[in-house]
Amino acid sequence: MDVLVIGGGGAGASAAIEAHEAGAEVMIVTKLRIGDANTMMAEGGIQAADKENDSPVQHYLDAFGGGHFAARPELLRRLVMEAPDAIHWLNDLGVMFDKDAEGNMVTTHGGGTSRKRMHACKDYSGAEIMRTLRDEVLNRQIPVVEFTSAVELIKDEKGQIAGAVLLNMETGDYLVAKAKTVVIATGGAGRLHYQNFPTSNHYGATADGLILGYRAGAPLLYQDTIQYHPTGVAYPAQIYGALVTEKVRSLGAHAGQC
């Protein structure tokens, strides 16, 4: 095949859709089900500077300062410059963003924003985005191999990635998928529970892709950092750590230290 996408969340589905749109033969492989991912867990919204009183430059300044100037400038620039196009792409696919009576997108403040640029779908933003992406993958009849994890990347005689070894988690059988391009979109590592932190991360977020890339020789960035969502339930104890929408901070709530 042309493209093998490892991971069935928002990033993996988006990559597969774009590759398919470009005419490539694509397959998605995921250790759970397509849509079982942190994308589904997101609530507050997604930021893009697409209003008249805003700009990607202002978005860049907010994000760079909010990250204590630790971000890679070239990566952050790509993020803020392409964000408006990403919002309109999702909207055209059918994501039901909040809109006013005239059909204009409603935006709100997010944490650390100087402009209202948070696009949301009530408090189900990630679930709505993932629903739309999953439907698009299925409508395009892109093959999806579920309950199958990638356990090793394959290299050709030139040392370039040429596919992956897959493990069917239901039967225990090993498979080989050959591909001209491999996209790793396996999510983060929250479910490793660094420092014994509770987390609302999806159960699939166990650093699989980081390890696959590292073993194949890919350099890893920011290995000394891990993202914790700053708004979570502190009480009652039964739901300690459960996700609370970012909108509570846009309305004035303050994140405390654990």
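Two strands count as paired when DSSP finds at least two bridges between them, and the views below apply that rule to a predicted model.

**View 1. The four-stranded open sheet, with strands in the order 6-2-1-10.**
In this predicted model, four strands form an open sheet whose pairing is parallel. Strand 6 and strand 10, the latter spanning residues 181-184, stand at the edges, and because each has a single partner strand, one side of each is left without a neighbour in the sheet. Strands of a sheet pair through backbone hydrogen bonds, in either a parallel or an antiparallel manner.

**View 2. Strand 2 and its partners, strand 1 and strand 6.**
Strand 1 (residues 3-6) and strand 2 run parallel and are joined by four bridges, with V5 having I28 of strand 2 as its bridge partner. Strand 2 also pairs with strand 6 (residues 144-145), again in the parallel sense, over two bridges. Along this pairing with strand 6, I28 stands opposite V144, while V29 stands opposite V145. Which residues of strand 2 (residues 26-29) point one way, and which the other? V26 and I28 point one way and M27 and V29 the other way, and all of these residues are buried.

**View 3. Helix 1 between strand 1 and strand 2, and its crossing with helix 5.**
Strand 1, helix 1 (residues 10-21) and strand 2 together make a β-α-β unit, which is right-handed. The axis of helix 1 and that of helix 5 (residues 125-139) come within 9 Å and cross at roughly 40°, and this crossing is left-handed. On the side of helix 1 the contact is made by G10, A13, S14 and I17, and on the side of helix 5 by M130, L133, E136 and V137. Sorted by class, the residues in the contact of helix 1 with helix 5 are five nonpolar, two polar and one charged. An α-helix has 3.6 residues a turn, so residues three or four places apart point the same way.

**View 4. Helix 3 and the surroundings of L76 in helix 4.**
Among the residues of helix 3 (residues 56-66), H59, D62 and F64 are buried, and the buried residues of this helix pack against strand 3 (46-47) and helix 4 (73-93). Just after helix 3, H68 takes a positive phi of about 55°. L76 lies in helix 4; is this residue buried or exposed? L76 has a relative accessible area of 8% and is therefore buried, the cut-off for that term being under 20%. Leaving aside residues up to four places away in sequence, L76 touches Y60, A63, F64 and A71. L76 and L61 are 15 residues apart in sequence, and their C-alpha atoms are 9.9 Å apart in space.

**View 5. The three-stranded open sheet, with strands in the order 3-5-4.**
Three strands form this open sheet, in which the pairing is antiparallel. Strand 3 and strand 4 (107-108) are the edge strands, each of them pairing on one side only. Two bridges link strand 3 to strand 5 (residues 118-119) in the antiparallel sense, and the bridge partner of I46 in strand 5 is H119.

**View 6. The hairpin of strand 7 and strand 8.**
Strand 7 (148-155) pairs with strand 8 (residues 161-168) in the antiparallel sense over seven bridges. Within this pairing, A150 stands opposite L166 of strand 8. The two strands form a hairpin with five residues between them, and in the turn G159 has a positive phi of about 85°.

**View 7. Positive phi values at Q141 and F147.**
Most residues other than glycine have a negative phi. Q141, although it is not a glycine, has a positive phi of about 60°, and this residue is found in the loop between helix 5 and strand 6. With a relative accessible area of 69%, Q141 is exposed. F147, also a residue other than glycine, has a positive phi near 55° and is placed in the loop between strand 6 and strand 7. F147 counts as partly exposed, at 30% relative accessibility.

Notes
Residues numbered from 1 in each chain as written. Predicted model: local features only at pLDDT ≥ 70, side-chain atom pairs only at ≥ 80, totals over all residues. Heavy atoms only, no water. Buried < 20%, exposed > 50% of the residue type's maximum accessible area, 1.4 Å probe, protein only. Right-handed = clockwise from strand over helix to strand, strands pointing away. Contact = heavy atoms within 4.5 Å. Axes fitted to C-alpha atoms, helices over the stretch in contact; angles between N-to-C directions. Left-handed = near helix turned anticlockwise from the far one by under 90°. Nonpolar A, V, L, I, M, F, W, Y, C, P; charged D, E, K, R; others polar.
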